[in-house]
Amino acid sequence: MYAPALENELAREVRAGLTAAGQKTLPCGLLYDDIGSALFEAITLLPEYGLTRADARIIRSHANELAEMLPRGAVVAELGSGSGVKTRAILEALPTPLYFPIDVSRAALARCVAELGALADVEPIETTYLEGLGRAAARCAPGQALLALFLGSTIGNFEFDAASDFLAAVRACLRPGDALLLGTDLVKPADRLLAAYDDPAGVTAAFNLNMLARINRELGGDFNLRSFEHVARWNRGAQRIEMHLRSRVRQRVAVSLANMAVEFEPGETILTEVCHKFRLGQVRRVARAAGFRLAAQWRDLEWPFAESLLMAE
Ligand code: AVJ
């Protein structure tokens, strides 16, 4: 549940997105309440969704190399730690005295502490990425390096311009010699991507539709989930997968705590998430523009995915 102060924020975002002229949208952060987070964990196990396994494989096979490229005793901060499963190999290889998982989900942070508490001093920071990274950086002693982790291709949820602004803001929290390990999903054939984002068992559909259920639960909405369907589209020009919810009929939906009602035409969609896919050169360019040097780039070939080690200059 959102805390009361944030409930207004949630209502404001939902109203703004659903009443926008043109394409209706919902903020993708809305996907991750307790139910949505559990559904996402299930997605990572699907045979069609190779992304998380590729991310974990690269980390496992290159953790020692990574450790050799960093100063001894580097502190680790992770943006969006989730349950911390992928991070284990990094903490084992480093080793680090101090690990700051940063997440807005208290449940995820608790799992992280339970999972990794034996490997480092784990200090959870329950807040947004940049705010948390700033706090973690302030805790580093002079001369003590910081390794920030941004795994899983979460950066793909940003529009390209916003992604480069975000990386620049990450860079601004770091000092020369600090590093960022960035996971990015790579462009691959559209049929593989579409299968990954529209799995036949319907887990991704449930993940997407849960957004409407959440609006019903938390904001007094009256969405009829059965009158919307999950759609995944490959937008070639924008190089991204888009998740939409498509109205099957003409209908009107009210959301009482957001003080609004909205009409849908049959076939009209709500854009709920964008997942940009990258080319290796694009990662290098955006990193450089943000003030990082590309020190290493590792790839998984089974499911094209890249892990880039970026050094703050
Ligand atoms: C967690 C943002 C990396 O974009 O692949 C999975 C979320 N959405 N299936 C992704 C997601 C639909 C995922 N990220």
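Student: How many Å separate an oxygen atom of the ligand from an N or O atom in the side chain of Y49?

Tutor: The model is predicted. A polar contact is a pair of N or O atoms within 3.5 Å. In this structure, the separation between the Y49 side-chain atom and the ligand oxygen is 2.5 Å. The protein covers 96% of the 350 Å² of accessible area that the ligand has on its own.

Student: Which atom of the ligand lies 2.7 Å from a polar side-chain atom of E273?

Tutor: That partner is a nitrogen atom of the ligand. For Y197, by contrast, a polar side-chain atom lies 2.5 Å from a ligand oxygen.

Student: Which residues come nearest among the 13 around the ligand?

Tutor: They are Y49, G152, Y197, E273 and C275. By class, the shell comprises nine nonpolar, three polar and one charged residues. Among its contributors, α2 (34-43) and β11 (269-276) supply at least two residues each.

Student: In what order do the seven strands of the open sheet stand?

Tutor: Strands of a sheet pair through backbone hydrogen bonds, in either a parallel or an antiparallel manner. Here the order is β4-β3-β2-β5-β6-β13-β12, and the pairing is mixed. At the edges stand β4 (121-122) and β12 (292-300), each of which pairs on one side only.

Student: How many bridges join β12 to β13?

Tutor: Eight bridges join β12 to β13 (residues 305-312), and the two strands run antiparallel. D300 stands opposite F305 in β13.

Student: Which helix lies across β6, β12 and β13?

Tutor: Helix α10 (residues 280-289) lies across these strands, running at about 155° to β12.

Terms used: Residues are numbered from 1 along each chain as its sequence is written. This is a predicted model: local features need pLDDT of at least 70, side-chain atom pairs count only at pLDDT 80 or more; totals for chains, interfaces and linings use all residues. Side-chain values use heavy atoms; hydrogens and water are left out. A residue is near a molecule or strand if one of its heavy atoms lies within 4 Å of it. A polar contact is a pair of N or O atoms within 3.5 Å; within protein, one must be able to donate a hydrogen and the other to accept it, and residues adjacent in sequence count only if both atoms are side-chain atoms. Accessible areas come from the Shrake-Rupley method with a 1.4 Å probe; for residues, only the protein chains shown count as cover. Helices (H or I, at least four residues) and strands (E, at least two) are DSSP runs, numbered from the N terminus. Ala, Val, Leu, Ile, Met, Phe, Trp, Tyr, Cys and Pro count as nonpolar, Asp, Glu, Lys and Arg as charged, and the others, Gly among them, as polar. Two strands pair if DSSP finds at least two bridges between them. Contact means heavy atoms within 4.5 Å. Axes are lines fitted to C-alpha atoms, for helices over the stretch in contact, and angles run from 0 to 180 degrees between N-to-C directions.
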